[in-house]
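Student: Could we go through this model together? I'd like to see how each label gets earned.

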Amino acid sequence: MDVDLAVVGAGGAGLSLFVHLDHRWPAGRRPPSIALVDPVRRQGDDRTWCFWTAADDDPVGGPLAAAVHRSWRRVELVDVDGRSRVLDLGPLRYVMIRSGEFYALAEKAVARLRAVRVPAGADAVGTGLVRAGGTDVSARWILDSRPAPPRRPATTALLQHFRGWTVRFARSPGGPGGPGSPGGHRLDPDVPVLMDFSVPQPAHGVAFGYVLPSSDRRALVEYTEFSRQRLPDAAYEGALAGYLRQRFDVGPGDYVVEHVEDGAIPMTDAVHARRAGPGVFRIGTAGGATRGSTGYAFAAMQRQAVGLADALIAGREPLPPLAYPSRHRWLDAVMLRALDRGITPGPQLFVRLFERNPPERVLRFLDGTTGPADELRVMASAPMAPMLRAGAGDALARLARRRSR
């Protein structure tokens, strides 16, 4: 098989490329020949993606509008003492995409671009060649989203690990005639809970609850930790049941768990290479799309996909654009060190950032899309002494690494 482009992996990064390439490709112009190499054709709701977007027609979020399940103008933040504040996102929207709608949207793009599927895993990828299940795909350019070791290993490595339940209540909790005492919260479909730090905190790391309501009786409820290792299954189940009881004052008899999803996202200051060889490029997490200090990745995958689509349209080599400015590597390293070593309590740090900055600025900062001026403002609002200590520790670690070379 001889094609212009081979895409290895049909996950979030690979399929996002098809969505944006289809959306941006000039009408009437023949698209490149493409092979999509993956043993699995994904469908159904196996995960949920959320990100911030400025408008339905912006370069990142526009093509995804058909896959948006819910979007919100306000979110709730809860500190460790249970004090709640509702944040107005200003021009931003918090957008929820369920994988079933995203996969369906991507399948239409794959079909319109006339990509050829190779239903096998890649056994070998090299310059100009992908070998998969007995099929040799010769390609001018190759985009590879498979996991790969970083170009520079991590000094600090955490996981953002979570489990989520899609919960359907028999009646709206906190509403008239619904389950829960007057002290329980109401499930408000217009206000998701972005971070609820009132859950029991681990000895090392950060934990929070997370609620994305679809209606006043149905929501995705997650328990998330930033720490070094995943928990046993029973610990996630207990944490979720405990959080539902804590927030809504409900027990297992008051709701049905319709769907379960979980995962672990790397949070690391490792540096990933975007170029794996002549004509071979890494995309997605393998290409640095995951923000080290937050685990956010979906919006960066869309930014990468837009840059790749524009390069292909212009006939340039599809080197993925940097997902985040280079200076953010240092910011990530400092924040990760502070969280991992307990230099500053994570819940208080995140809450303080939102208290001392407009929500839009903090969210853009966490997503890696701020400029230097706003980054300085956010940094100035953080607890100065602990962050200076974390910064000094990171500098010493970098010096030791250079000496070891």
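Tutor: Sure, let's take some salt bridges and then a pocket, bearing in mind that this is a predicted model.

Student: What makes the contact between aspartate 310 and arginine 24 a salt bridge?

Tutor: The N to O distance between those side chains is 2.8 Å. A side-chain nitrogen of Arg within 4 Å of a carboxyl oxygen of Asp is what the term asks for, so the pair qualifies.

Student: What parts does that pair tie together?

Tutor: Aspartate 310 sits in helix H4 (residues 298-314) and arginine 24 in helix H1 (residues 12-24), so the bridge ties together parts that are 286 residues apart in sequence.

Student: Why is aspartate 310 called partly exposed?

Tutor: Its relative accessible area is 29%. Buried needs under 20% and exposed needs over 50%, so aspartate 310 falls in between. Arginine 24, at 28%, gets the label partly exposed as well.

Student: How do you know that glutamate 360 and arginine 364 are separated by about one helical turn?

Tutor: They're 4 residues apart in helix H7 (residues 359-367), and that spacing is about one helical turn. Their side chains meet in a salt bridge at 3.0 Å, N to O, which fits because the limit is 4 Å. Glutamate 360 is partly exposed at 27% relative accessibility, and arginine 364 is partly exposed at 27%.

Student: What about aspartate 374 and arginine 377: where do they lie?

Tutor: Both are in helix H8 (residues 372-381), 3 residues apart, about one turn of the helix. The N to O distance in their salt bridge is 2.8 Å. Aspartate 374 has a relative accessible area of 26% and arginine 377 has 43%; both values lie between 20% and 50%, so both residues are partly exposed.

Student: How many salt bridges does the structure hold?

Tutor: There are 32. Some are linked in a network made of Arg163, Arg230, Asp233, Glu237 and Asp262.

Student: On to the second largest pocket: which residues lie nearest its centre?

Tutor: Ala270, Val271, His272, Gly288 and Thr290, out of 27 lining residues. Strand E12 (157-169), strand E16 (255-268) and helix H5 (327-340) each give two or more residues to that lining. About 450 Å³ of space lies in this pocket.

Student: What is the lining of the second largest pocket like by class?

Tutor: It has 13 nonpolar, 9 polar and 5 charged residues. Ala270 and Val271 are in the lining and count as nonpolar because Ala and Val are on that list, whereas Gly288 counts as polar.

Methods
Residues numbered from 1 in each chain as written. Predicted model: local features only at pLDDT ≥ 70, side-chain atom pairs only at ≥ 80, totals over all residues. Heavy atoms only, no water. 1 Å grid on protein atoms, 1.4 Å probe; cavity = no way out; pocket = protein on both sides within 12 Å on 5 of 7 lines; lining within 4 Å. Points joined across faces, edges and corners; volume = space filled by probe spheres on them. Buried < 20%, exposed > 50% of the residue type's maximum accessible area, 1.4 Å probe, protein only.
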